[in-house]
Amino acid sequence: MKLLLVMVFIHSLLALAPASKTPTVIIIGAGMSGISAAKTLHDAGIRDILILEATNRVGGRVMKTQFSGYAVEMGANWLFGGGPVHNPVLEMAEKVKLKTSLNDYDNLTSNTYKQDGGLYPKTLVEAVDKVAVARDDFCAKFSTLLTKKVKNDVDISILAGQRLFKQEPKTPLEMVVDYYHNDYEDGEPPKVTSLKHTYPRNEFVDHGEDPYFVADPRGFEIVVQYLAKQFLSSLKSDPRLKLNKVVREIIYSKNGVAVKTEDGSIYKAKYVIVSVSVGVLQTDLIDFRPKLPIWKRLAISDFSMTIYTKIFLKFPYKFWPTGPGTEFFIYTHVRRGYYPLWQHLENEYPGSNILFVTVTAEESRRVEQLSDQEVEAEVMAVLKTLFGNKIPKPEDILVPRWGSNRFYKGSYSNWPDKYSQHRHDQLGDPVGPVYFTGEHNSNKYIGYVTGAYFTGIDTADDLLGCIKNQTCRGYNSQQM
């Protein structure tokens, strides 16, 4: 017991290292990548850090909200396990005893609805899905071929790969099955998504294909907060974390950085790590002075930030199929991505009577321009087609609008076709004392929480090389 008290006391002393008036490093953003970078710096002995977060919480795009008495995830929702490579995010989730539910997609072929109602025969959907699986396998093998045997940085879209396989999805059923295999994961359609940098899907290859759906009253964000508490004494009072600080300007030179926030505050440091999304970097929220070099601006502007929207509906009672094998169902439509993937939450929250439907990319952008009432009308038209006109009206609806939120400007990034590895390296390269991190910088796990976690470490390690060994890549001739 005494040893435990001593250890806690020592940890508190270390964690309480105050933010100096001129810290060594400022980290902009308290999402997974920013917190991961800050912890890496702290563990390496750089404890005079300052984290500036625009919102009132730690977590970034790992965000829960209360909906009709239940905690639902607005952003990241799944953890993946069962693979050969250790998943540190899953390990942290297990340490905090995060409540999850293993999703079962195996019966989707039995729950695929036609546009005008009624189910497709299971054997027909299975045949279409078998082609989709073979198409995915071809794309994975062709990606390996492009990586290993083509000297130049050659890439094509996933759609181009499908055409090479002579199996381009064309019918509404083929399109919605392809949506499940691609858009549902990447957030954008195959015609604009890189084949070489998407296939094989490293998150599944490494960490496994067991999808654990987070359904915890504390939210998935508790994992990010757990990581932050490893080096911060408090998420409310540690002076090295400042919430509600909207960064609007970064002035940088060889002498260091000055960071200005919306409330008029100015913070100075030797270096800054910018962990905002690539979507935010593409806007004028943060003004860099001087302007970032043209190669950096091109790398930022050419990358893709997509939107993944889960629309939640609470009903007075269930009218959809429940029980084993009914967790998910698919709606087919001539317009790709029109309210296609549905899930009920009876496994996670029995008796909640909650359904949610996922839309992505352009459909998400369209939906964000509608009122909640207009979205509800469209969703109910689909549900009435499937289950009849006598179904009840929803008691509540939640429509996240990630693309419209100036602090995020989307859900996660997606590697565009014909966007080279060299340009992606530039996306993550530092400029002078300004370093960049985030899931968009990941080569293996782009778009995933694991990608944010690992890039935070990588960026901090890069900066540590500069601080301790004077190997400062940001001051190369190209960078400045």
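This tour moves through a predicted model, one selection at a time.

**The two domains**

Begin by colouring residues 25–62, 218–304 and 415–469 as domain 1, and residues 100–214 and 308–398 as domain 2, which is how the chain is divided. The centres of domain 1 and domain 2, taken over C-alpha atoms, are separated by 31 Å, and the contact takes 14 residues from domain 1 and 17 residues from domain 2. Between them, domain 1 and domain 2 bury about 1300 Å², with 50% of that area on carbon and sulfur atoms. Now select Trp415, Asp417 and Tyr448, which supply 39% of the area that domain 1 buries against domain 2, more than any other three residues. The count of salt bridges between domain 1 and domain 2 is one.

**The largest nonpolar core**

Next, select Val25, Leu41 and Val223, which touch the most other members of the largest nonpolar core, a set of 43 residues. Among the elements that give two or more residues to this core are strand 1 (25–28), helix 2 (32–43), helix 9 (221–228) and helix 15 (449–469), and helix 15 gives the most, with eight residues. If you centre the view on Val25 and leave aside its neighbours within four places in sequence, you will find Val25 in contact with residues including Leu41, Ile46, Tyr271, Leu463 and Ile467. A second, separate core has 37 residues, and Ile330, Leu341, Tyr349 and Tyr448 are included in it.

**Helix 6 and its surroundings**

Move to Val176, whose place is in helix 6 (residues 172–181), and which counts as buried because its relative accessibility is 6%. Beyond its neighbours within four places in sequence, Val176 is in contact with Ile330, Tyr331, Thr332 and Pro340. For a sense of distance, select Glu53 as well: the C-alpha atoms of Val176 and Glu53 are separated by 39 Å, and the two residues are 123 residues apart along the chain.

Staying in this region, select Asp178 and Arg336, which form a salt bridge with the closest N and O atoms 2.7 Å apart. This pair links distant parts of the chain, since Asp178 is in helix 6 while Arg336 is in the loop between strand 17 (328–331) and strand 18 (341–344), 158 residues apart. Asp178 is buried, with a relative accessible area of 1%, whereas Arg336, at 22% relative accessibility, counts as partly exposed. Add Arg135 and Asp183 to the selection, and you have a network of salt bridges that links these two residues with Asp178 and Arg336.

**Two more charged pairs**

A search of the whole structure finds 31 salt bridges, and two more of them are worth selecting. In helix 2, Asp43 and Lys39 lie four residues apart, about one turn of the helix, and their salt bridge has its closest N and O atoms 2.6 Å apart. The side chains of Lys64 and Glu221 also meet in a salt bridge, at 3.2 Å from N to O; because Lys64 lies in strand 3 (residues 64–67) and Glu221 in helix 9, this pair ties together parts that are 157 residues apart in sequence.

**Helix 13**

Finish with helix 13, residues 372–387, where 1.5 Å a residue gives an expected span of 22 Å for its 16 residues, and the end C-alpha atoms are 22 Å apart, which agrees. Its buried residues include Val375, Val379, Val382 and Leu386, and the helix is followed by Gly388, whose phi is positive, near 100 degrees.

Note on methods: Residues are numbered from 1 along each chain as its sequence is written. This is a predicted model: local features need pLDDT of at least 70, side-chain atom pairs count only at pLDDT 80 or more; totals for chains, interfaces and linings use all residues. Side-chain values use heavy atoms; hydrogens and water are left out. A nonpolar core is a set of buried Ala, Val, Leu, Ile, Met, Phe, Trp, Tyr and Cys residues joined through side-chain atoms within 4.5 Å. Buried means under 20% relative accessible area, exposed over 50%, partly exposed in between (1.4 Å probe, protein chains only). Contact means heavy atoms within 4.5 Å. The expected span of a helix is 1.5 Å times one less than its number of residues. Domain bounds come from an automatic or database domain assignment. Buried area is the accessible area (1.4 Å probe) that two parts lose on being put together, summed over both. A salt bridge is a side-chain nitrogen of Lys or Arg within 4 Å of a carboxyl oxygen of Asp or Glu.
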